[in-house]
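Welcome, and take a moment to look around before reading on. The notes below offer a short tour, one region at a time.

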Amino acid sequence: MPRWSFAAFFIIVAAAIAGPSLLQTDPFESVARPFAPPVWTGGEEGPALAVSLSPSKTLFEKKWNWSPPENISIRGTLSFEEDPSASLVWTGPGGERFVLAVSGDTREWLIDIDARDVSFKASLGVPPFGNATSVLFRNHENIRVEIEGTTPSAGKIEIRTPGGKWGLMGTDQRGRDVLSLFTEGIRISLIVGLAATLISSALGLLVGLSSGYLGGKIDSFIMRGVDVLLSIPVLPILMVIVGIWGKGLWQLILILGLFSWMGTARTVRSLALTLRESCYVENLRSIGASPWYILWRHLVPEALPVLLAAVTLGVPGAILAEAGLSFLGLSDPRIISWGRMLHEAHGFGAFTAGAWWLILPPGIGISVICLVFLDMGRALEEIADPRLVKGNRK
Amino acid sequence: MRSPLLVAQKITVSFGSARSQVQALAGTDLEIFPGESLAIVGESGSGKTTLLRACLGLTAISGGYASLFGKDLSLCSRGELVFLRRRSGYVPQDPFGCVPPTLSALDAVSEPMLIADSPGKKRASERAGELLVECGLADREIWKERVRFSLSGGQRQRVSIARALALDPELLLADEPASMQDAATRKGIMEILRKRCEKGMGLVMATHDLLLASASASRVMVLYRGHVVETGPSKDLLSTPAHPYTRALGAALPGMGHSPQILVRRTDSLSGKTGCVFSARCPRRTEKCSTPPFLIQIGAGRTVACWNPGG
Amino acid sequence: MICIRDLSVTYDTNARKVRAVREASIDIHHSAVTAIVGESGGGKSSLIYSILGLLPPEATATGKILFEGSDILSAPEATRRDFRGIKVALVTQGAMNSLTPVISVGEQIAETLRTRLGTRRREAAVKASELLEMVGLGPSFAVRFPHELSGGEKQRVVIALAISCSPVFLLADEPTSALDVITQAEIITLLGGMVRETGMGLLLVTHDLPLASSVSDSISVMHQGKIVESGPAEKIMTSPLHPHTRDLVFAANLATGRGFQ
């Protein structure tokens, strides 16, 4: 039965497992300027540069069609086999040559240049509060940087500019690649959604079956307990618990699991009540089967189809709950989840900066993953009970 | 002197709250010895299912006394009841609900053996296979099929009979054991049960089919709305029925080529609140029938509860 | 008369195709009871539903069903709606449990008359009482609700509903299987009586051969979707030809005690 949601689920899981390793950037690392829009949007700002010069590549040239970047950093180490006499030369607009660095006495040449350094600015003739990069770059002119003199034998220097644009999804307020954050977030959403739902389903199954099957006073007692739990306002309690317990990921999963098992318990309990009166349960009891045998060998298998649908439908709930909690700031800041991304977008001014690329992807991602699970839950319900399929009549 | 497998005296079963009581069974007597077969005949609502269940202690008795294998059911502890029930088999009326739906046919029959720990695991499987063959399901392909999904109604019923026979019961109580079978196979089921009776098993069977009852059991008891109206050897009840209701049952059966006869009055209400329960529909009612009749002996092993019996 | 020629009904489910009816041919006459006897299964019911055009969408029917000169199997739904219920009526086994629980039985019959025949309110009420009388339910029954009636009484109401528009043919699919033996006899006698008095044609479909033989003029035996033998009831019962018919007659003989012990 080809259904789009199963294919989508497979893709999501594949992305969660393989995605982060396929990405080239570490999600926590700042790669470009804050709130850099994605590269495919148009505009004046130039892309980020990330080039390296090495013994095999001592020259870099590029036509620069945009406005000067905010910063440029050149870092690295070159080693030489003999006493070097080399310099790093930048040929700027209009053919002016700037010698950025000169090798020293040792065979290891350490280069550490940042355009924000006052001394660097002074060496270019720029006042302390001026902009060094506007001297080095100019619209529509080539830039060229070269290692002249002795050729190094080993090592590498990296030339980086933050760039006005970055990647497929831009950057956040700290210059981190949003695509990496997003991919990392898939994993967290899935883990939280599935783990929390599994915990709540297991609890719901246990409580529901016991309550429904044992009946009588035990049943009443447990159900009143469920009623009390259902009437607790979840969010304030969660905030208190998070305040006491801390903001870790597993705390979050446990809390979500502990607060959502009640609905499943109710459903399973009514199933158990019906099954308890059925002919074969009476028969099993009368020939002496123990309650545990009946529960384990008969009631649990009968409850599983119901539970399966409940699990797949509960995952969106858990994901949304986690997103909500993260949005309120109640989650671990070291863990990247989509809700957390939205929280930081909200809290750090993405809205005012107009950085839609920070807000839309996590929002759409949450919606899509919820829809996928909802559709899968529907498909599983139909598999369990063919009468639900449209067009099937007795 | 053999001891009876089952004795029931004046069993009364009532349901309902204090305000509205429904009397499902009113003062019924029953006795089964090893090798005997009794058929309880009655339409739906007559109390035959209730009687079977009361004899097993599955339905609470409001009055009277029932004993299984010599033990008074009302004095038994839970554990003793379990033992008594393991010595007896029960085939419930509804073959859809009475076999656990998640099991295969073979597992369903071997389950009682595994619970009672009677033969060991391996032997239980073999025995289950033997029982399924005995009940007419020799096709091994069916054994692995899940009962709920893949078997027809008739096959399910055979599985539930095999399950009831799993612990080799000394007494079998069967509620409409052939209801799902086609005419051709109905006789086959009754043959299975009859063979067991010949080996000493006692059989109590509830059915609405007077013909089937007389073909399968040596004695018949006719129930009408909770009361016993006639008992006796099955051939006699079919050929010379005494009670007007029994007569009506026999006459209403579509015979070969003749129309069924209707020997009851049509009435708007079925109330026989005072007097004989059947009086509202009885074609032979007299003034005396406003007093409830009781069972009187009218021949060898025959009793009837009627002031005006025929035949 | 209704002539069915080479009717085949195939169900196309996800897993496989099931041929429920295979090239069945049968005639249903006026003023006579025609019986189709067969084991429990979909074939007999599928045949009835093909006549009325009530097969589910996954079923395909081929062949001809001639009624009043035209083939109603291939007729458009509008034509079928015209004669369904009015010229050809249906009574099924479960119908008695499908009566509307919140409307009195008399009113249910009257409503049918008003909507299908356009009868005026007062006339419809009178006709409803007459119909109930015809099926053996006295005047006190018109105001009763279905849950207050016994199984046999409900089935009588269903029959009254079915004949309310004076159909030419009545199709009955296991009309008495859920009833006890005495009520079964009453209903079958009622149906047989109606055929004789009004000239209506009755198609009785059942698995119970003795029942069919007690009231039918002709019997057709259906086995695995095929009609294996047809003929006058008397002949089928005394000298059956097809092996399956022989089995059925033998079993029926055993059951009714003829040729037994």
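In this predicted model, a good place to begin is chain B, where strand 1 (residues 6–16) and strand 4 (residues 63–68) run antiparallel and are joined by 5 bridges. Which residue of strand 4 of chain B is the bridge partner of Thr12(B)? The partner is Gly63(B).

These two strands belong to a wider arrangement: an open sheet of 4 strands in chain B, with antiparallel pairing and the order 2-1-4-5. At its edges are strand 2 (21–32) and strand 5 (71–72) of chain B, each of which pairs on one side only.

Chain B also has a neighbour to meet. Contacts link 25 residues of chain B with 31 residues of chain C. On the chain C side, the elements that each give two or more residues are listed here:

| Element of chain C | Residues |
|---|---|
| Helix 6 | 181–198 |
| Helix 7 | 209–215 |
| Helix 8 | 233–238 |
| Helix 9 | 243–255 |

Helix 9 of chain C provides the largest share of this side, with 7 residues. What is the make-up of the side of chain C that touches chain B, in nonpolar, polar and charged residues? It divides into 14 nonpolar, 11 polar and 6 charged residues.

Finally, let us turn to chain A. The domain assignment gives domain 1 (52–161) and domain 2 (178–388) in this chain. The C-alpha centres of domain 1 and domain 2 of chain A lie 56 Å apart.

Definitions and conventions
Residues numbered from 1 in each chain as written. Chains lettered and ligands numbered in written order. Predicted model: local features only at pLDDT ≥ 70, side-chain atom pairs only at ≥ 80, totals over all residues. Domains from an automatic or database assignment. Contact = placed C-beta atoms within 7 Å. Nonpolar A, V, L, I, M, F, W, Y, C, P; charged D, E, K, R; others polar. Pairing = 2+ DSSP bridges.
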